[in-house]
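I opened my notebook for a fresh look at a structure today. Here is what I looked up, in the order I went.

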Amino acid sequence: MFRRHNVAARIFDRQISTVAPGTSVHHTRRFYENLVPNCTIYEVECPDHLYRKITEDGQYLICFSRNHQDLIVYRPTWLSYSCKEECDTNDLPPKAKRFESFFSQLYCVSLASSNELICKDFFLYMESNQFGLFATSTTQNHDAPVGGAVQGVPSIEKITFHLLRLEDGVVLDQKCFHNDFINLAHNMGVFLYDDLLAIVSIRYQTIHILQIRDSGNLVDIRAIGTFCREDDELFLNSSTQSMLSHEKGKLHQLPENPVENGLHQSEPSSDYCFLSGIKQRLLSFIFRGIWNEEPDQALRVQSLKKKFYFHFQDYVDLVIWKVQFLDRHHLLIKFGSVDGGVSRNADQHPAFFAVYNMETTEIAAFYQNTADELYLLFEQFCDHFHATSRNSLYLNFISSHSNNMHAREQLRSAKNKASSSLQFVKKMLVSLPFSCQSQSPSPYFDQSLFRFDEKLISATDRHRQSTDHPIKFILRRPPNTLKFKIKTGPEAGSTDSRTKKISSFIFHPFLPLALSIQQNLSLQPSVVNIHFRK
């Protein structure tokens with residue numbers, strides 16, 4: 001039977017029918033099939049800022065100044081205007097076509113010092129307290145002395161994390177790292193889960209776990225790397241001291257002229273070389289796994305030679321690339337070569353994944369990036385890898401192939417078309433661990449509602465190659481009609497086709513409101529279009 005899908009029919013249907021348990025929110029989200037951005041204001045008069053994102057609760061638009069020194073925060077509002085004369089219902093008055101008609105500025109705060117710049121691709125939002133985490137840093141130095149750091153990793157003289165209360169722009173706390181390297185692009189080196197913050201120092205191979213208190217303080221909880229437990233350093237230092245005392249006692253018992261007895265007195269060395277605590281945990285887990293595979297002693301030794309000792313130095317040389325929380329106690333850690341850890345494209349580098357328990361300091365699982373077992377977990381339980389905060393309402397409805405049949409069919413179709421199953425698995429697992437807060441919760445990216453070209457636009461927060469053709473959003477369910485289009489750049493299209501342009505999109509988490517920003521590689525101002533429901 002044909003059913004009407006206009007707003008009035010949906011409201012009436014909601015009043016007289018009861019949906020299946022646990023599906024009320026998904027059923028309500030179908031209203032967005034009717035409430036779409038149907039109007040575009042091209043080339044809006046707006047401040048020349050770097051537009052970052054709208055927070056997950058829709059309260060703030062985060063922007064940075066062009067000189068990467070200031071943070072500017074706006075409050076998204078809805079278009080409102082009045083006309084002294086008779087208004088044309090088909091066209092907006094000039095005053096309504098400005099940026100200020102949709103966003104009101106709350107404040108402007110200077111974050112960066114004279115030699116620091118704001119990292120424009122980094123921002124994390126703590127929705128429960130409306131705290132924002134920002135980062136500033138100095139330039140990279142590729143010739144910095146190693147001094148206990150990983151060889152081949154550049155150094156940044158100073159990296160500062162700023163915790164702000166977004167309501168009024170007050171800086172609550174700061175955390176500084178000196179002569180270190182943290183990958184801040186697209187939040188790759190930092191992960192926020194509830195009130196816990198994980199920061200990965202690639203240069204010194206340390207995972208810093210901090211807690212964001214309700215008072216706005218950044219409190220160090222633990223550091224995982226060289227040591228895994230809080231008292232590991234104390235235990236090793238006390239053991240070293242006792243060993244040195246024991247060696248000195250032996251020397252005092254020797255004759256006064258030890259050269260005559262063929263003994264040469266030397267000062268005991270305190271420079272003991274240990275593998276880091278996390279690396280020792282990893283090696284012992286790999287060793288025990290291979291040991292338990294073979295019950296026969298002879299076969300066990302042969303297996304250890306082939307699988308463990310032959311690759312021992314390769315395991316030792318692994319460095320931590322990236323980390324994410326799976327829950328409050330478990331981390332998913334990505335290991336690989338030094339080159340892959342600092343390059344922008346690590347697809348071609350071999351990688352490994354480890355699940356680490358912070359409480360027991362044990363490795364719970366270890367996989368290579370071509371493991372079918374890990375891929376099956378990724379395919380069936382993708383939402384568990386996103387590890388969204390318990391307080392986040394809208395982030396729980398982001399489409400994935402584990403919660404959306406259309407995304408699952410699309411994934412399986414790509415898998416069937418792949419020429420090599422091994423390369424397909426490797427390509428899919430390259431996204432793990434997921435970057436924190438890297439996807440938009442907008443209902444217009446819900447693949448159960450709309451269909452769109454993911455090569456041109458998607459929920460993932462990334463710049464895209466700009467196109468002069470409009471991006472179409474088509475209803476997923478019958479009658480499969482075109483509901484709205486988003487076009488980047490000027491309304492008449494680009495006048496210079498030789499200039500390479502990139503586009504980015506900022507969607508409101510629940511309102512039919514979006515920004516499309518087109519910029520070229522020169523320093524010319526960006527072209528900003530506002531898409532909204534009129």
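My entries below go from the whole chain to its cores and then to its cysteines.

**Overall.** I noted at the start that this is a predicted model. I then looked up the secondary structure and found 11 helices and 26 strands in the chain. The chain has 534 residues, and 47% of them count as buried. For the accessible surface I got about 28,500 Å², with 51% of that belonging to carbon and sulfur atoms.

**Contacts along the chain.** I took the contacts with a separation of 6 or more and asked what share joins residues 24 or more positions apart. That share came to 57%.

**Cores.** Nonpolar side chains tend to be buried together in soluble globular proteins, so I went looking for nonpolar cores next. Which members of the largest one touch the most other members? They are Phe161, Val190 and Leu331, in a core of 62 residues. A second core, separate from that one, has 22 residues, including Ile41, Phe99, Leu513 and Leu515.

**Val190.** I went back to Val190 and listed its contacts, leaving out residues up to four places away in sequence. Among them are Phe122, Leu124, Leu133 and Phe161. Ile182, Leu184, Leu197, Ala198 and Ile199 are also on the list, and so is Cys436.

**Cysteines.** That last contact made me check whether Cys436 is buried or exposed. Cys436 is buried, at 3% relative accessibility. Cys119 is buried too, with a relative accessible area of 13%, because the cut-off for buried is under 20%. Finally I searched the whole structure for disulfides and found 0.

Key:
Residues are numbered from 1 along each chain as its sequence is written. This is a predicted model: local features need pLDDT of at least 70, side-chain atom pairs count only at pLDDT 80 or more; totals for chains, interfaces and linings use all residues. Side-chain values use heavy atoms; hydrogens and water are left out. A disulfide is a pair of cysteine sulfur atoms within 2.5 Å. Buried means under 20% relative accessible area, exposed over 50%, partly exposed in between (1.4 Å probe, protein chains only). A nonpolar core is a set of buried Ala, Val, Leu, Ile, Met, Phe, Trp, Tyr and Cys residues joined through side-chain atoms within 4.5 Å. Contact means heavy atoms within 4.5 Å. Helices (H or I, at least four residues) and strands (E, at least two) are DSSP runs, numbered from the N terminus. Accessible areas come from the Shrake-Rupley method with a 1.4 Å probe; for residues, only the protein chains shown count as cover.
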